[in-house]
Amino acid sequence: MFLEKLILVVIVFTISLVIAMYATYFERKVAAWLQDRVGPDRAGPFGLLQPLADGVKMFMKEDFIPKNSDKWLFIMGPGIAMFTALITSTIIPWGPNLNVFGRDVVLQVADFNIGILFILGVLSIGVYGIMIGGWASNNKYSLFGAIRASSQMISYELALGITVITIVMMTGSLSLREIVESQHGMNWNIFYQPVAFLVFFICSLAELNRAPFDLPECESELIGGYHTEYGSMKLGFFLFAEYISMFVSSAVITVLFLGGYNFPGMDHFSGNTLAILSLLAFFGKIFFFIFVIMWIRWTLPRFRFDQLMHLGWKTLIPVALINLLVTGLVIAFTSGWMTKEKQISSVDHQVEKTEIIVKR
Amino acid sequence: MSIELIVYGLGGLTIGSALMVILSKHPVRSVLYLVLTFFLISANYIMLNAQFVAIVNIIVYTGAIMVLFLFVLMLLNLSKEQEPKTSMLAKLAAALAGGSLLVVFAAAIKDVVVPERLMEGQILADNQGMIESLGQLLFTKYVLPFEVSSILFISAMVGAVLLAKREKQIIE
């Protein structure tokens, strides 16, 4: 059991890293495509070895630590960013059970009954990597980047949390697997909660520090933002963590709103065929979201900081709150909390339950 | 046995990092040790089968409040030369206040009744400390204190907004 989980952890981390690696290549190709260029095509066929070349370049650069920086915190910053980016991938349900050599393997490292709160928790500590790195650099541009990152992430976390509550109210569970199971077939949350989906997606972009919300590393104002003083693989970690978070948050959006590994017509399959098709469907949706995030980056210009705060506090939070209220009212009316009949029927339900238990 | 070892190890680490909060010279480092302390407290909650409290502790304290602490300290950029000197009297008063708080805590802990199941190291029931049972308790037995505390938060928020507004008018 322990060994099984260990292998699963290694596989999940490897997949996250490889996908993040090729996301860098994919981003350049998407940018080239949108700007009518060719993009990287020198290293290997179609430039497919470009990420490897970049990795080697990052490692070969001089590993420099500025003299006036706080040395340990300077080293810790990129590490924390990488850790928080990777850790969320452990609780995502990747697919239904897969049968390997006669054993049912659960394709999820840990199924907490508070899975979704775990995501929010990791999200809220994700800002520490940037803050610590930016402050320890002892550079005013880095500090500005770090401060922008933290205020932006705190502002958008609120609206994000409220939309998550809406989904939890609809499902009645905080476990990610149960949220996915409740969206069986084509019964996806996006059709019931389009507003929540939109708010969640915008907030995810802001939490990822991706354009149009990439103010912490805004080149035209802050040189490089929080990673101005970084070089070599430490810079590589910061950049790489962003791509890993992109992959993981695409997975989270898919789980919450696009039915995770569910796909229409899944009842016709069973066993390992179902598991593999579900995995393919899940990764297809994730790649679609990664593409959309890149598409947005190369289409929209960057916000100004006051516009960003205005959007977060005065638009997204009220919209999310109204959406929450409407959802609550609809749930209350449809499940009949406002009428007396339902109370009797719920008592009936309980009686039925106890009868079943007694029969057993 | 191994669980007991983990509990003692975690307790020791928690106390150690809590001590580092007050012993480290640099304010930013103090705050980072405080973040670490909150993480370790969450780990202790998980050992007590209180997953929900553990994760909420991380979201609220390390995720929001400590980020704001760090935010302010980074803006102030305190260094040793600028550190304000505290007078001997203030130090004495602080020691007295802290000491009396310690006495109160010690008295409170002395009277705590530890359930026998915990003493024997038995594993708690599955649903205890989980979110369902916590929600049931909060909205039935403890509904009044729960709602009263939310009123407290509202009043704090209104006060903060009021202060911010007034300052803006002066600038204009």
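Two residues count as in contact here if their C-beta atoms, placed from the backbone, lie within 7 Å. Keep that in mind for what covers what. The complex I am showing is a predicted model.

Let me start with helix α5 of chain A, residues 127-136. Buried or exposed, how do its residues come out? Of its 10 residues, 10 are buried. They run A:Val127, A:Tyr128, A:Gly129, A:Ile130, A:Met131, A:Ile132, A:Gly133, A:Gly134, A:Trp135 and A:Ala136.

What covers them? From chain A, the cover includes α3 (71-87), α4 (115-125), α6 (140-171) and α11 (232-257). Chain B also takes part, with its α2 (27-47) and α3 (51-76) included in the cover. Just past the end of α5(A), A:Asn138 has a positive phi of about 60 degrees.

Next, two of the helices that do the covering. Take α4(A): because 10 of its 11 residues are buried, the rest of the structure largely encloses this helix. Among the buried ones are A:Ile116, A:Leu117, A:Phe118 and A:Ile119, and later A:Val122 and A:Leu123. Two small residues are also included, A:Gly115 and A:Gly121.Then α6(A), which has 32 residues. From first C-alpha to last, α6(A) reaches 46 Å, close to the 46 Å expected at 1.5 Å a residue. Where is α6(A) kinked? The kink is centred on A:Glu157 and comes to about 25 degrees. After α6(A) comes A:Gly172, with a positive phi near 80 degrees.

Now chain A as a whole. Its secondary structure comes to 14 helices and 2 strands. The C-alpha trace spans about 75 × 50 × 45 Å along its principal axes. For 360 residues, a compact globule would have a radius of gyration near 21 Å, and the 23 Å of chain A agrees with that. Of those 360 residues, 42% are buried. If you take contacts in chain A between residues at least 6 apart in sequence, 78% of them join residues at least 24 apart.

On to chain B. There are 7 helices in chain B and 0 strands, so to speak of its pattern is simply to read α-α-α-α-α-α-α along the sequence. Chain B has 172 residues, and 12% of them count as buried. For contacts in chain B with a separation of 6 or more, residues 24 or more positions apart account for 55%.

How do the two chains meet? In the model, 16 residues of chain B are in contact with 18 residues of chain A. Of the chain B side, α3(B) supplies the largest share, 13 residues. By type, that side of chain B divides into 13 nonpolar residues, 3 polar and no charged. Recall that α3(B) is also included in the cover over the buried residues of α5(A).

Last, confidence. The predictor gives the complex an ipTM of 0.76 and a pTM of 0.81. For chain B, the mean pLDDT is 80, and 81% of the residues reach 70 or more. Which helix of chain B has the lowest confidence, and which the highest? The lowest is α5 of chain B, residues 116-119, at a mean of 53. The highest is α4 of chain B, residues 88-110, at 89.

That is the picture, and I will take questions.

Methods
Residues numbered from 1 in each chain as written. Chains lettered and ligands numbered in written order. Predicted model: local features only at pLDDT ≥ 70, side-chain atom pairs only at ≥ 80, totals over all residues. Buried ≥ 20, exposed ≤ 12 C-beta atoms within 10 Å, placed from the backbone. Helix = DSSP H or I, 4+ residues; strand = E, 2+ residues; numbered from the N terminus. Nonpolar A, V, L, I, M, F, W, Y, C, P; charged D, E, K, R; others polar. Expected span 1.5 Å × (residues − 1). Bend = angle between axes of the 7 residues up to and from the residue. pLDDT = per-residue confidence, 0-100. Rg over C-alpha atoms; globule rule 2.2 N^0.38 Å.
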